[in-house]
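Okay, thanks for making time, everyone. I'll put the structure up and then talk through a few parts of it.

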Amino acid sequence: MKCNIDGDFSKGELQRFGNIEVSPSAGVLNYGQGLFEGLKAYRKEDGNNILLFRPEENANRMRNGAERMCMPAPTVEQFVEAVKETVLANKHWVPPPGKGSLYVRPLLMGTGAVLGLAPAPEYTFIIYVSPVGNYFKEGVAPINLIVENEFHRATPGGTGGVKTIGNYAAVLKAQSIAKAKGYSDVLYLDCVYKRFLEEVSSCNIFIVKDNVISTPEIKGTILPGITRKSIIDVARTQGFQVEERNVTVDELLEADEVFCTGTAVVVSPVGSVTYKGKRVSYGEGTFGTVSKQLYTVLTSLQMGLIEDNMNWTVNLS
Ligand code: PMP
């Protein structure tokens, strides 16, 4: 754990993982002033080197979120340096190649005491880590989504486009109902027309039709996923046509292939979606051909198995 208290992000120290003390009237506890990030460190085949994937993208996303949430934030350099230092201090926790990764969780929160509604007077930036395997219990097998018709994750003008803690509170109920019914996760629709795809609780959504890949455009209500952005670039360099636009639920039901992207889920094939009681299945219980190809290129880059022509990985040794 690496910790900066008081919002002076130029200094910080490594501490053993443990509880932290905050005032009961901390901004984060009362008014939701909290942002987090998620990125992964992979051990390279040689066993010694460790790769981070695009950490400056996480730094920039946290900075955008901080602006929206009236919080100060570390500079890109401070963020990346703190991530590197934390990962290196925990490098014995990075699993062997092919056996998972070290999940890195930077957290920025208003820890200063505040009673009336206002931004907190002090901030804390913490990074903690944990080794992880696959996100869904299905592993890389296809997941089953339910399209949510009642609950929404984000509204226009709200905070859906930044990685603030309250967005996750908003999905807990819909997600637990879905999981209790046996679904892997929830796919949200826009809250105005209830027709356009938004995203899943913790990942972005893509559809493939006649070899054209489409994904909802970034318009303030969905998180600009770093995996989403990377997959769009990988797909284009692989020769696919990729469209960022409004994607309707009808198109989802008629797609050839559907998949999700995110740091935790990487590229996860969707095996079925259920909408208003109607279940539509894709493929034969395996990866679709397009998502498999994109998964292979992305994970090979992240693990250092192919040359990083994109300059996306940061090598720690
Ligand atoms: N949407 C939401 C709501 C998420 O929590 C995440 C995970 N950060 C994503 C999309 C995917 O973003 P990324 O690819 O940067 O992990």
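**Two domains, a ligand and a last look at a helix**

So, the chain splits into domain 1, residues 2-132, and domain 2, residues 143-302. Keep in mind that this is a predicted model. If you take the C-alpha centres of the two domains, domain 1 and domain 2 sit 26 Å apart.

How many residues of domain 1 are in contact with domain 2? It's 19 from domain 1, and they meet 11 from domain 2. On the domain 1 side, the elements giving two or more residues are strands S3 (34-36), S4 (39-43) and S5 (50-53), plus helix H2 (55-68). H2 gives the most there, with six residues. And the chemistry on that side of domain 1 is mixed: seven nonpolar, six polar and six charged residues.

Okay, on to the ligand. There are 13 residues around it, and the closest are Gly225, Ile226, Thr227, Gly262 and Thr263. Two elements each supply at least two residues of that shell, namely helix H5 (226-237) and strand S14 (257-262). H5 has the largest share, with three residues. By class, the shell comes out as eight polar, three nonpolar and two charged residues.

Now helix H7, residues 289-302. With 14 residues at 1.5 Å a residue, you'd expect H7 to span 20 Å, and its end C-alpha atoms are indeed 20 Å apart, so the two agree. Which residues of H7 are buried? Those are Val290, Ser291, Leu294, Tyr295, Leu298, Leu301 and Gln302. Look down the axis of H7 and those buried residues fall within an arc of 135°, so they line one face of the helix. After H7 you reach Gly304, which has a positive phi, near 75°.

One more residue before I stop: Phe151. You'll find Phe151 in the loop between strand S8 (143-148) and helix H4 (165-180). Is Phe151 buried or partly exposed? Phe151 is partly exposed, because it has 17 other C-beta atoms within 10 Å, and buried would take 20 or more. Leaving out residues up to four places away in sequence, Phe151 touches Lys173 and Ala174. Compare that with Gln302, back in H7: Phe151 and Gln302 are 151 residues apart along the chain, and their C-alpha atoms are separated by 35 Å.

That's what I had, so let's go to questions.

Note on methods:
Residues are numbered from 1 along each chain as its sequence is written. This is a predicted model: local features need pLDDT of at least 70, side-chain atom pairs count only at pLDDT 80 or more; totals for chains, interfaces and linings use all residues. A residue is near a molecule or strand if its C-beta atom, placed from the backbone, lies within 6 Å of it. Helices (H or I, at least four residues) and strands (E, at least two) are DSSP runs, numbered from the N terminus. Ala, Val, Leu, Ile, Met, Phe, Trp, Tyr, Cys and Pro count as nonpolar, Asp, Glu, Lys and Arg as charged, and the others, Gly among them, as polar. Domain bounds come from an automatic or database domain assignment. Two residues are in contact if their C-beta atoms, placed from the backbone, lie within 7 Å. The expected span of a helix is 1.5 Å times one less than its number of residues. A residue is buried if 20 or more other C-beta atoms lie within 10 Å of its own, exposed if 12 or fewer, and partly exposed in between; C-beta atoms are placed from the backbone. The arc is that of the directions from the helix axis to the C-beta atoms.
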